[in-house]
Amino acid sequence: MGREDLTTRAALDGDRPVLEKLIGDCYSTVYPGWYDDDVLGDALPAMLRIDPALLKSGHYFVASFGGAVAGCGGWSTKAPGNGSSGDKTGHIRHFATHPDFMGKGIGGAILDRCINEASHTGMAKLRCFSSLPAEGFYARHGFAKLDSVNVMLSDGAYFPAVLMERALS
C-alpha cells in the first residue's frame, strides 16, 4: 500500500467510539516507558475523550489507510483547557495513529491538512502540547520547543508535555 491508499476527511459525531478506541490503542502502546504507570493511570481516562466541540468543528479529521481507520487529529482556534482565542494562534489537538499504521505517514498527512487549513483561515501560528514521545514528530514538521510543561487534566491529574509552536506562512 502506498500514500494513494491514505485519505482524510472531517470527523463526524458518529465516529467518536471508533476514534476514542483508536486513541486508547495508540496511547497505551506508545506512552509506557515514557511515563510512569501512576501518571498514565490518572491521565489516560481524561485524555481518551474527544472534546465534543472539537469533533463538531469540522477541523477534526479521520485518516483511513487502505479502507481502515488509521489515525485522527485536528486543530482549533480555542486553546485546550481555558478556551482562550483571538490572537491568530491555532491549537493542534488530540492526535493519534493506530499502532498497526505507525510509520506510514498517517500523522503527517493529518498534520499537513491542519497546517494548510489553519493557514488559509488566517492563523499566524500553531501551538501544541506534545506528549514526550511525539516531540520528535512535531519537530520534523517544523514545530519548535517553547517549554516543558505539566498539562493539568480533570481531577488534578497532570501530564508532562512539551509546549511547541510553528509559524505559518
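The following exercises, each with a worked solution, concern the sheet and the packing around it in a predicted model.

Residues are numbered from 1 along each chain as its sequence is written, and side-chain values use heavy atoms, with hydrogens and water left out. Because this is a predicted model, local features need pLDDT of at least 70 and side-chain atom pairs count only at pLDDT 80 or more, while totals for chains, interfaces and linings use all residues.

**Exercise 1.** Determine the order of the strands in the sheet and state which strands stand at the edges.

*Solution.* Begin with the elements: helices (H or I, at least four residues) and strands (E, at least two) are DSSP runs, numbered from the N terminus. Two strands pair if DSSP finds at least two bridges between them. On this basis, 7 strands form an open sheet with mixed pairing, in the order β1-β2-β3-β4-β5-β7-β6. The edges are held by β1 (6–10) and β6 (144–152); each has a single partner strand, so one side of each lacks a neighbour in the sheet. Neighbouring strands are turned by 25° against each other on average, direction ignored; axes are lines fitted to C-alpha atoms, for helices over the stretch in contact, and angles run from 0 to 180 degrees between N-to-C directions.

**Exercise 2.** Trace the pairing from β1 to β4 and identify bridge partners along the way.

*Solution.* First, β1 and β2 run antiparallel and are joined by 5 bridges; Thr7 has Ser64 in β2 as its bridge partner. Next, β2 (residues 60–65) pairs with β3 in the antiparallel sense over 6 bridges, and Phe65 stands opposite Ala68 in β3. These two strands form a hairpin with 2 residues between them, and Gly66 in the turn has a positive phi of about 60°. Finally, β3 and β4 pair in the antiparallel sense over 5 bridges, with Gly74 bridged to Arg93 in β4.

**Exercise 3.** Is Thr97 buried or exposed, and which residues does Thr97 contact?

*Solution.* Thr97 lies in strand β4 (residues 89–97). Its relative accessible area is 14%, and buried means under 20%, exposed over 50%, partly exposed in between (1.4 Å probe, protein chains only); Thr97 is therefore buried. Contact means heavy atoms within 4.5 Å. Apart from neighbours within four places in sequence, Thr97 is in contact with Leu22, Cys26, Ala70, Gly71, Met102, Ile106 and Gly107.

**Exercise 4.** Describe how helix α1 lies on the sheet and why β3 is largely enclosed.

*Solution.* Helix α1 (residues 16–30) lies across β2, β3 and β4, at about 75° to β4. As for β3 (residues 68–76), 7 of its 9 residues are buried, so the strand is largely enclosed by the rest of the structure.
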